[in-house]
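Please walk through this structure one element at a time. The explanation below begins with a single helix and works outward from there.

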Amino acid sequence: MAKDKKKVPTSRLSRLSILGNLAGRVVGNIAIEGTKQALSGKRPQLAELVLTPNNVKQLAAKLSTMRGAAMKLGQLLSMDGGDLLPDELNQLLIRLQENATQMPHKQLIKELKINWGELWLDHFAHFDLTPFACASIGQVHLAHDDTGAKLAVKVQYPGICKSIDGDIANLGTLIKLTGLIPSEINLNDLLEQARLQLTIEADYQKEASFISLFSDRLDSSIFTLPTVHSLSNRSILVMSFVEGEPIDQLHHLAQHERDNIIYKLFELFFEELFKLKVMQTDPNFANYRYCIKTQKIGLLDFGATREITHEISQGYRFLLSSLANKDVEGAIDAAKQIGFFQSDISDEYKRKIIEIFTLCAYPLYTNEEYDFKKSDIVSRLQAHTASIKKFQEQWHTPPVDALFIHRKIAGLYLLAKKLNASVNVHTLFSKYQS
């Protein structure tokens, strides 16, 4: 969590002013750097001029101050662009996602009074004004009720809801002016998806309903979810505090216990995708806890939950089944159903994509314990993705649901590798295999 305390701009004019000033600074830096390169005999390229270290620093600092749309769009671009984006832009997007800053205490207290009145503190025995987590939509505080029970209070940044449409439009204009995004990336579609996702995540009552849904459907002997408090509303979510250790710091546990944790999380992934058709798509390690005493996995933050259509769910069942059966044509048909392939792309490109899917899905269809510690999927994937750059004119933006599903499973792979887990994932998928 960043230590900076910068006031969140709330009005449309103030947020537009930030983007305008930012654009002016970037343009000024471009002119200075371009002149330097020209005088030294170099032919400056726009992308190189925009993504100088100074510009990247200023872009990340200013956009992270705005939170909301800026950070969410950065997340979607990094998920969608992959190797098509310049390395410097990828670094900016990474910094943008990690660089959320907290509200000053004065602004926080103002928001608490707006929601709960002047006597807001009467609801608590203690309320810590310094958040223990910050994200694109809000920040989370530790509190205690009158009984001493610990609470997690998620307070939304002011003005986020009202600023979504304007921020998305203004950011789109700024990005297009830089010329950094390859034409193959459907920026307008990503802007709309960022707007829709932000609208959902900014409704804490919606998140509360997702918590209730998962609480009702998941095995309480395996998972612990927060209980939503009656003080909650659309912009503040008050929940019971889920105890446990950070899930990525469990190396001291026995091998079988670490393996079981990953097994249960993969089991949850398949249940979300094929049975519940609702998925918490943010694989951030901070969204999981593990209680050693009860051996239960704590699940946190359901803001990024997405409902999955029957067509997408069935498409993935057919895709993974076809990959397991080495049925290339079946995998291509399934990928079409999901929305990966347009009608005018070459057979060679389709097969290249299926090769990538086959590599990524290897732990799912191999009927043996997969040692994630020794996994070389990432390095092999980089080599495969580099080979499809020559097909860039055929590349198009896949369905956003697919992006979030892939993000979730990639996060599971990373966690499994971090915990040095060995798991037979195939036994879990085989229940759904067609």
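**Helix 11 and its surroundings**

Helix 11 (residues 310-324) is made of 15 residues, and its first and last C-alpha atoms lie 21 Å apart, close to the 21 Å expected at 1.5 Å a residue. The coordinates here belong to a predicted model.

Most of helix 11 is covered, with 12 of its 15 residues buried. The buried set consists of I312, S313, Q314, G315, Y316, R317, L319, L320, S321, S322, L323 and A324. The cover over these residues includes helix 10, helix 12 (328-338), helix 13 (347-360), helix 14 (362-365), helix 16 (400-418) and helix 17 (426-429). Just after helix 11 comes K326, whose phi is positive at about 55°.

Y316 of helix 11 leads to the wider interior. In soluble globular proteins, nonpolar side chains tend to be buried together. The largest nonpolar core in this model has 96 residues, and V153 and Y316 are those with the most contacts inside it. Helix 10 (residues 255-276) gives the most to this core, contributing 10 residues.

Helix 10 can be checked in the manner used above. Its 22 residues should span 32 Å at 1.5 Å a residue, and the end C-alpha atoms are 30 Å apart, which agrees. Because 16 of the 22 residues are buried, helix 10 is largely enclosed by the rest of the structure. Just after helix 10, K277 takes a positive phi of about 55°.

Next comes a sheet. Four strands form an open sheet in the order 5-10-9-7, and the pairing is mixed. Strand 5 (223-224) and strand 7 (245-246) are the edge strands, each pairing on one side only. Within the sheet, strand 9 (residues 288-291) and strand 10 (residues 296-299) run antiparallel and are joined by four bridges. One residue of this pairing is R289, which has G298 in strand 10 as its bridge partner. Helix 10 packs on the sheet, where it touches strand 5, strand 9 and strand 10, and its direction makes about 45° with that of strand 10.

Two loop residues here deserve a look. Q295 lies in the loop between strand 9 and strand 10, and its phi is positive, about 60°, although Q295 is not a glycine. D301 is found in the loop between strand 10 and strand 11 (305-307). D301 likewise is not a glycine, yet has a positive phi of about 60°. Is D301 buried, partly exposed or exposed? Its relative accessible area is 28%, so D301 is partly exposed.

D301 also appears among the contacts of Q280, a residue of strand 8 (residues 278-280). Q280 has 5% relative accessibility and therefore counts as buried, the cut-off being under 20%. Leaving aside residues up to four places away in sequence, Q280 touches F214, E272, N287, L300, D301, F302, A304, T305 and K408.

The other residue named for its contacts in the largest core, V153, takes the account to strand 4. Because six of the seven residues of strand 4 (residues 150-156) are buried, this strand is largely enclosed by the rest of the structure. Not counting residues up to four places away in sequence, V153 touches W116, F124, F127, Q139, V140, H141, A143, I236, L237 and V238.

Strands of a sheet pair through backbone hydrogen bonds, either parallel or antiparallel. Strand 3 (residues 138-144) and strand 4 run antiparallel, with seven bridges joining them. One of the pairs is G138 with Q156, the latter in strand 4. The hairpin of these two strands has five residues between the strands, and in this hairpin G148 takes a positive phi near 95°. Strand 4 also pairs with strand 6 (residues 236-240), again in the antiparallel sense, over five bridges. There V155 stands opposite I236 in strand 6.

The last step is the protein as a whole. It has 17 helices and 13 strands, and 52% of its 434 residues count as buried. Among contacts with a separation of 6 or more, 73% come from residues 24 or more positions apart. The protein exposes about 20,100 Å², of which carbon and sulfur atoms supply 52%.

Notes: Residues are numbered from 1 along each chain as its sequence is written. This is a predicted model: local features need pLDDT of at least 70, side-chain atom pairs count only at pLDDT 80 or more; totals for chains, interfaces and linings use all residues. Side-chain values use heavy atoms; hydrogens and water are left out. Buried means under 20% relative accessible area, exposed over 50%, partly exposed in between (1.4 Å probe, protein chains only). Two strands pair if DSSP finds at least two bridges between them. Contact means heavy atoms within 4.5 Å. Accessible areas come from the Shrake-Rupley method with a 1.4 Å probe; for residues, only the protein chains shown count as cover. A nonpolar core is a set of buried Ala, Val, Leu, Ile, Met, Phe, Trp, Tyr and Cys residues joined through side-chain atoms within 4.5 Å. Axes are lines fitted to C-alpha atoms, for helices over the stretch in contact, and angles run from 0 to 180 degrees between N-to-C directions. The expected span of a helix is 1.5 Å times one less than its number of residues.
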